[in-house]
Amino acid sequence: AKSKRLRCAVAFWGNGAEDLIGAFERRDIKIICNLNHMGTNPRVIEKFPRACVRRNDALHAKVYIGDVHTVVTSANASANGLGFEGIEAACWIEAGIKFRTTREIIDWFNLLWNGSGKISDADIEAAVKAWLARPKSPRRPLRVISV
């Protein structure tokens, strides 16, 4: 996530994602998200420069493309998805694979980027209203693993 050139086709963005990505200055970053899904917190997306983020409401992928390596995973870009929220997130089992970034994966991302929509202030406002009105799910059951 700290690559100088970073491409993320990641559907859902939540708390902690902005820390995962870090600063945009002096970096070439492009992010595609699924802004209309309740899995994406629009307050996180609004922190990203508009020119660096687009929306694709059919996106369910979790692909992180860096300078040297690409990671394809089941983990969304959030503290919860990446297991940074402690025991509550421990009930999720995520998997992923890391491989060398190839021209084909960059071409795939560029095709997806070109077919995705720009995000306006009105898009963010509508997503925030929907986010605030979403039904609050009950806490997931905790699973304690003993060894």
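Hi everyone, let me begin with the residues around the largest cavity: Arg5, Arg7, Ile65, Gly66, Asp67, Thr101 and Ile106 line it. This is a predicted model, so please keep that in mind as we go. The cavity has a volume of about 30 Å³, and the structure holds one cavity of 30 Å³ or more. How does its lining divide by class? There are two nonpolar, two polar and three charged residues.

Since we are dealing with a prediction, a word on confidence. The mean pLDDT of the protein chain is 86, and 82% of the residues reach 70 or more. Residues 83-89, however, have a pLDDT below 50, and in the model this stretch makes 11 contacts beyond near neighbours in sequence. Another such stretch is residues 141-147, where pLDDT stays under 50 and the model has six contacts beyond four places in sequence.

Now to the open spaces. The second largest pocket has a volume of about 200 Å³. Its lining is made of 13 residues, and the ones nearest the centre are Ala1, Leu6, Tyr64, His69 and Val71. By class, we find eight nonpolar, four polar and one charged residues there. Which strand gives the most to this lining? That would be β5, residues 69-73, with three residues.

Let's stay with β5 for a moment, as it leads us to a neighbour. Strands β5 and β6 pair in the antiparallel sense, over five bridges. To pick out one position for those of you with the viewer open, threonine 70 has phenylalanine 99 in β6 as its bridge partner. As a reminder, side chains in a regular strand alternate between the two faces of the sheet.

And is β6 itself largely in the open or buried? The strand covers residues 96-100, and of those five residues the number buried is zero, so β6 lies largely in the open. Buried here means under 20% relative accessible area.

Last stop: glutamate 25. You will find this residue in the loop between α1 (17-21) and β2 (28-33). Because its relative accessible area is 54%, glutamate 25 counts as exposed, the cut-off for that being over 50%. Where does lysine 4 sit relative to this glutamate? The two are 21 residues apart along the chain, and their C-alpha atoms are separated by 9.7 Å.

That's my tour, thanks for listening!

Methods: Residues numbered from 1 in each chain as written. Predicted model: local features only at pLDDT ≥ 70, side-chain atom pairs only at ≥ 80, totals over all residues. Heavy atoms only, no water. 1 Å grid on protein atoms, 1.4 Å probe; cavity = no way out; pocket = protein on both sides within 12 Å on 5 of 7 lines; lining within 4 Å. Points joined across faces, edges and corners; volume = space filled by probe spheres on them. Nonpolar A, V, L, I, M, F, W, Y, C, P; charged D, E, K, R; others polar. pLDDT = per-residue confidence, 0-100. Contact = heavy atoms within 4.5 Å. Helix = DSSP H or I, 4+ residues; strand = E, 2+ residues; numbered from the N terminus. Buried < 20%, exposed > 50% of the residue type's maximum accessible area, 1.4 Å probe, protein only. Pairing = 2+ DSSP bridges.
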